[in-house]
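Colleague: Could you take a close look at one part of this model for me, the surroundings of the ligand, and then follow the chain outward from there?

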Amino acid sequence: SASYPEFVWQNGAIKPWAQATVHIMAHALHYGSSVFEGIRSYPTPDGQAIFRLTDHIKRLFQSAKIHDIQIPYTLEQLNAACREVIKANKLERAYLRPFAFRGLGGFGLSADTPTEVAVACWNMGAYLGADVLEKGIDACVSSWQRFAPNTIPAGAKAGGNYLSGQLVAREARRLGFGEGIALASTGLLSEGAGENLFLAFDGALHTTPVSAALLNGITRNTLITLAREAGIEVVERDLPREYLYLCDELFMCGTAAEITPIRSVDGKPVGDGKVGALTKQMQKLFFGLFDGSTPDRWGWLEPVG
Ligand code: PMP
């Protein structure tokens, strides 16, 4: 049975987990009208840090802007709420979930309901399984495509978008794969169910450009920055499906997935089927931020305090 943390933050105050409730007729429950973030906190030599907290909360406000969800708090207040909830639960390697949603107050699609805001957090190890960061996963291309341009905005991290992610992820698991990779409506590569993609060719990293079919990932941005700083070439370009089979290395990245190597796609081995050197180098640079071996030149480690 699941064990839950003691406290959450809801509408301005810390409260016990069991008291953080919502009415069954809340708008978001019916129509997917929520926006959210996923953020990780890590223990570091300088104390507990929340990774790129401010960038995540900025994206939360951007998602809310796209969907016209008024958040009655400032960025500073939500940053403080995230810190507070981590501290209250005494968590270290944790996942934070700030979110805002249309609450109870009208049943029509365009109803102006009050916005509810909350922050939860819980302990989280590797998202796709215990040893996947070392061994990698077997992935498949999903039979489900991502959103077409001007349909559901992929640039917003909104609850409703994750019906697509669930179709992709659940199909992959049902077929025995670790994760699914979706194509865009163009037929070109987009992203995993909840992760961006990187392919390696001849020592350079290639990643799909930010488009109508994928979320502008903060981990993706982190890795592009770290790679370029380390003198690794990064190319942002459209890639067709078959390059998944032809690349030397392949990995997924995201807040939850961190850097998860992919060792096969659709049953075909990626490269020699082992986790490649560039993938390991990127893992070392990324996780090095948290053990101090990669200097944080960007102020990404925001202390819990
Ligand atoms: N794409 C999707 C669909 C996601 O849900 C996520 C996870 N938020 C990502 C990409 C990776 O984004 P980030 O690195 O900001 O977590």
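Modeller: A residue is taken as near the ligand if its C-beta atom, placed from the backbone, lies within 6 Å of it. Please keep in mind that this is a predicted model. On that criterion 14 residues surround the ligand, and the closest are G217, I218, T219, G254 and T255. Sorted by class, the shell around the ligand holds 3 nonpolar, 8 polar and 3 charged residues. Helix α6, which spans residues 218-229, gives the most to this shell, with 3 residues.

Following α6 away from the ligand brings us to its packing against helix α8 (residues 277-291), where the two axes lie 10 Å apart and form an angle of about 105 degrees. Because angles of 65 to 115 degrees count as roughly perpendicular, α6 is roughly perpendicular to α8. On the α6 side the contact involves T222, L223, L226 and A227, which meet M282, L285 and F286 of α8. The residues of this contact divide into 6 nonpolar, 1 polar and no charged.

L223 of α6 also leads to F198, since L223 is one of the residues that F198 touches, together with L205, T207, F251 and C253, when residues up to four places away in sequence are not counted. In the largest nonpolar core, which has 37 residues, F198 is among those that touch the most other members, along with L199, L250, F251, C253 and I262. Apart from this core lies another, of 35 residues, including A28, L53, I57 and A158. In soluble globular proteins, nonpolar side chains tend to be buried together.

Key: Residues are numbered from 1 along each chain as its sequence is written. This is a predicted model: local features need pLDDT of at least 70, side-chain atom pairs count only at pLDDT 80 or more; totals for chains, interfaces and linings use all residues. A nonpolar core is a set of buried Ala, Val, Leu, Ile, Met, Phe, Trp, Tyr and Cys residues joined through C-beta atoms within 7 Å. A residue is buried if 20 or more other C-beta atoms lie within 10 Å of its own, exposed if 12 or fewer, and partly exposed in between; C-beta atoms are placed from the backbone. Two residues are in contact if their C-beta atoms, placed from the backbone, lie within 7 Å. Helices (H or I, at least four residues) and strands (E, at least two) are DSSP runs, numbered from the N terminus. Ala, Val, Leu, Ile, Met, Phe, Trp, Tyr, Cys and Pro count as nonpolar, Asp, Glu, Lys and Arg as charged, and the others, Gly among them, as polar. Axes are lines fitted to C-alpha atoms, for helices over the stretch in contact, and angles run from 0 to 180 degrees between N-to-C directions. Angles under 35 degrees count as roughly parallel, over 145 as roughly antiparallel, 65 to 115 as roughly perpendicular and the rest as oblique.
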